[in-house]
Structure formats: C-alpha cells, structure tokens
Amino acid sequence: MTVAGRRWPPVIAAVAAVAVLAVLAAVSGCDNAGLSGSDKQVDHGPYIDRTSPNIGTLKYVPGGSFQRDGEADNISEVSAFWMSQYEITRAQFFTIMESDPSLLETSSGGTSDPVQRVNWYHAIAFSNKLSLAESLTPVYSVSGVSDWAGLAYSDIPTSSNANWNQATADWRANGYRLPFEMEWMWAAMGATQDSTAVWVDGANTSGWDKAFAGSTGSNAIGDYAVYKGNSGPGDTDAGDPANFRGTTRPAGSKLPNELGFYDMSGNVWEWCWDWADEYPTGPVADYPGADSGEWRILRGGGIETAEDTGAFHPGVRNAQLPQFRGGSAGFRVARSVPVVYEAGDTGPAGGIVFYDKGEYTDGWRYLEAAPASTEWANKPWGGPGTIDDGTQTGIGTGEANTLAIVAAYGDNEPLANRADYAAKLCSDLEYAPGVIFTRFTDWFLPSKDELDLMYVNLHLEGLGTFAEAWYWSSSEYGPLLAWSQFFGDGHQSGHQGGLNPDDERMVRAVRAF
C-alpha cells in the first residue's frame, strides 16, 4: 500500500477501509529519522499485581477468551499474564539503557512522559536488560549478542538487521518481554472486567469493537486518551492537520481502563512481539503471531492519531518495520505468569505431563509425553555398535542421547539404508495440538529412567493410552543392545539395537519444557 509516496505495511483492521487509510496517514506524521495454562495454579499467588523497583506496578491480567475481529468463530484464548500499568517512561528507559532517544518537540518536557522514538529492537533489548537488572531470566536471544547487561544503547541497530529480525524467545523464562498482540488486545478491551461486554459461550464477543480502551459507549475519549484532538497546546488540536505536532503527556495523565491500565489508547503507539500477518482463522490459544515477516505489530494509537480514524478500537491493528523510530512509537512490557503442571495434565504441546523436577534448571522443569496418536509401532532402535561418547540412562539425558544417535546414523541407518529408527522418528516429529497454532518440534526419545517415569506416572495410572508392549529408550545397554521397557509389567531389559524384526519395539516421543 502506498500513501503519499511511501510504502506502508499491510494494516489489518476491524474497521472500514477508509478508517485504515486514516490510521496510516496518522502514523505517517511520526518522525522517521514480540501455552494455555489459564486454569492452572499460579506459582506466586493468583490474582495479585506485582511491583518492579524499576517500572512500578505490573497489573495482573486474568486469562480468558475473546472474539478478535468481526468473525464470530475467530476466538482467541489468552493465559494469565502481568503487564506494566503504564507505558515505559523516558526516565525508566534512561535508567536501564543510559540513553533517552525521545524527541523533545513531541514531548511535554518531563521525563515521566512515555519514551518515544524507540524501535522494536530497542524494546526487546530494554526487556532483557531490565530482566537482568532484577535478577530474572531474559526472554530473548539474538545471534551475536552474548552480554545483554553490557550492551550499550549505541550497539542496538537503527536500520534493518538480520540477526535482530531473527530474535528468538524462551516463553518459559520469567523475565520481561513485549506482550503478544492478543494479550495487548485482551488487556485493552478490559478482559473479564469489561462491564459492557457481550459474552457468548464464555468469550467476550464485543470488546474488540469498543471505541477506545475504557469506553462504555457514553464516556469521552478525551478523558482516557492523549490523541490528536487534545495533544496540542492547551490540551487541544493544534489546528492545521498538515503541520500538526502534538506532544506526549506524562504516563497516566488520563483515566485508566477497567483493568487499571493507563494510555492503552493514545499517547504513544506500543510495540508488540508479533510479526504482522493475516490472523489464522478459527480459535487460537496464546498465539504469538506469525513465525516470520517484514513488519512488527504496533497497537493503541498515539499523539498524532485522530479520533475519526478508528485507530483506538482494541481490534485495530497497525504495523511498522522493526527498525522504525517514530516520534509516537513506544511500548510497555509484560511477564508470563508461571503455571504448575501435575502428572496427567495436558502439556503446552498437547501431550501429557509425566514429570516435574520442582524447579526450572537447564532450561526445563517438566517432561511431556507426545499424544498417543503420534506413537509408532514395530520400529528399530538404530544400528549396531556403541555411539561415540556413549549414551546415558538418567532423567534429563534423553534429548542429548537422541541428538547423539541421530548424529551417528543420520538419514541412512547403516544396516538397511532407512531412516525410520526410533531416535530419528522422535527428532523429526512436528505436532500442532488443537487450537495451539505453534508447531512443536523439540521431541526426543526418552532415556531409560525417563521411560520408566512414563510407565509409573502415566501408564500405571491409566493415562497416556500406552500399549501393553515393549517401548524403546534412547539409552544403550551395551555395544549391540539398547534399554527397552515392557509396559505390561514394567520390566526393563536390553534388546538388540539393530534391525532384527524380533527386536522392533514401540516408540513414544517426549519433550522437556
């Protein structure tokens, strides 16, 4: 799409096309120099806000479901999370980043105004550095960045950067992050506290189309948002639209929405984690956006956005290049609410949880068995001979075992030139459960002790739909043998690891999270 000779991202809006054009025109005025566990027990106490020594209150947002656009079947489920009550201010950004890039001519002059002229790269760097400042585990990883604490503001790209565009996230980490677009939308519409909402089958079906965050249908947007109509001198529109230069106001200078969030509409546009793309159709849960793209999502409208664009509706989407630094572009941060799983619970990948080691160490806490529908029957373990450096039997060794086996045999198992051996099948598994949009690819063949946990904690409890048969582990018993377990009585024994038809066994993949 082209507006005034500039190429703009595809904005997917829940309003008429004329409103979309107006949203784009408003943004073009900016200076141009991010698991469903909502029914689980919360580790740190449910229904309470958190306090950060650096950014103040993080409001608790309960999980729930909502209609995200005009299609009744497009229902999003969001797990509980925390999000900063205010947009990140100039002072807060300076404390963490030792720099304030905000344009003074689009600020009221105080450091309590929201920071602006930050790109998406700045926002994720701030999140990681804030996490480290508060002894939390950073969420984001960027190739080439190994010392986030020592990362200087000047080291962050201001032009397109392939490594930063390919940033990855560990959603299990307890640190700060940008909200998902669906989380932002749920919070903006008032979530479960929206007293004007229409509820259908437990989902808020009308909040997406509210006039602004906090709207009841009869209150005034000027009481809740800093926008084009009141961001000029004297809390007014500055007049000539072509030359309009509004200014931000201190974060929280207007009224909050139903959940207590300030400036969800107006003041500055807010970066989200998501790549911009068409929504998937139908229900989704904890949807983190597309896997890749060119543009990142911005939400909420800003000081140069006019009321008649419809940009303040919680359902309206906007996007920009991740390196974009607009005089009306800022952000707020979120944190995931940790959940506790028990044996038998459905895991985030759609399998069934069978082990909890009690805390997150080495990047994981739980083991999850893949659904029975993914199970394989009558498969060989692999080829003959001992794996270089050997394999292990303990809990937490299955993934390394699987990688070693696949590295040894590759795609062509040496005895029959075939690639359907146990470890390769598990490592190649991709599974997208139910309404969860993400495909999980981190499966492996369980070790001897992990396999026994599956037998004791699932099969003996009548869970997991296992066969009364032998199952392979990823642990070697000897040069020509591998450990397997009979799920009829729990007996473990070594069996030939090659392709003897008498020694083909069942295979069930697992993953750690």
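## D442 and its partner

D442 is partly exposed, with a relative accessible area of 29%. The cut-off explains the label: buried means under 20%, exposed means over 50%, and partly exposed lies in between. This is a predicted model.

The side chain of D442 meets that of R511 in a salt bridge, 2.8 Å from N to O. The pair links distant parts of the chain. D442 sits in the loop between α7 and α8 (448–457), while R511 is in strand β28; they are 69 residues apart.

## R511 and E368

R511 also forms a salt bridge with E368. Here the closest N and O atoms are 2.9 Å apart. R511 lies in strand β28 (residues 510–512) and E368 in strand β22 (residues 364–369), so this pair ties together parts that are 143 residues apart in sequence.

R511 is buried, at a relative accessible area of 5%. E368 is buried too, at 0%. D442, the other partner of R511 described here, is partly exposed at 29%.

## Other salt bridges

D420 and K379 make a salt bridge through their side chains, at 3.2 Å from N to O. This pair also links distant parts of the chain. D420 is in the loop between α6 (398–409) and α7 (422–428). K379 belongs to strand β23 (residues 376–379), and the two residues are 41 apart. D420 has a relative accessible area of 18%, so it counts as buried. K379 is at 19% and therefore also counts as buried; the cut-off for that label is under 20%.

The model has 17 salt bridges in total, counting each side-chain nitrogen of Lys or Arg within 4 Å of a carboxyl oxygen of Asp or Glu. Some share partners: E181, R299 and R317 are joined into one network in this way.

## The four-stranded sheet

Four strands form an open sheet in the order β17-β16-β14-β18. The pairing is mixed. At the edges are β17 (318–320) and β18 (329–330), each paired on one side only.

Inside the sheet, strand β14 (residues 269–275) and strand β16 (residues 296–299) run antiparallel and are joined by 3 bridges. W275 has R296 in β16 as its bridge partner. Helix α5 (residues 181–188) packs on this sheet and touches β14 and β16. The direction of α5 makes about 10 degrees with that of β16.

## The five-stranded sheet

A further open sheet has 5 strands, ordered β12-β13-β6-β7-β15, again with mixed pairing. Its edge strands are β12 (199–200) and β15 (284–285). Each of them pairs on one side only.

Strand β7 (residues 75–78) pairs with β15 in the parallel sense, over 2 bridges. E77 stands opposite A285 in β15. Helix α5 appears here as well: α5 lies across β6 (64–67), β7, β12 and β13 (203–204). Relative to β6, α5 runs at about 90 degrees. Thus α5 packs on the four-stranded sheet and also lies across strands of the five-stranded one.

## A nonpolar surface patch

Y477, L480 and L481 form a nonpolar patch on the surface. Together they have about 290 Å² of accessible area. L481 is placed in strand β25 (residues 481–486). L481 is partly exposed, with a relative accessible area of 31%. Patch residues need over 30% relative accessible area, so L481 passes that cut-off at 31%.

Technical notes:
Residues are numbered from 1 along each chain as its sequence is written. This is a predicted model: local features need pLDDT of at least 70, side-chain atom pairs count only at pLDDT 80 or more; totals for chains, interfaces and linings use all residues. Side-chain values use heavy atoms; hydrogens and water are left out. Patches are made of residues with over 30% relative accessible area and no salt bridge: like charges are joined within 9 Å, nonpolar side chains (Val, Leu, Ile, Met, Phe, Trp, Tyr) within 5 Å. Accessible areas come from the Shrake-Rupley method with a 1.4 Å probe; for residues, only the protein chains shown count as cover. Buried means under 20% relative accessible area, exposed over 50%, partly exposed in between (1.4 Å probe, protein chains only). Two strands pair if DSSP finds at least two bridges between them. Contact means heavy atoms within 4.5 Å. Axes are lines fitted to C-alpha atoms, for helices over the stretch in contact, and angles run from 0 to 180 degrees between N-to-C directions.
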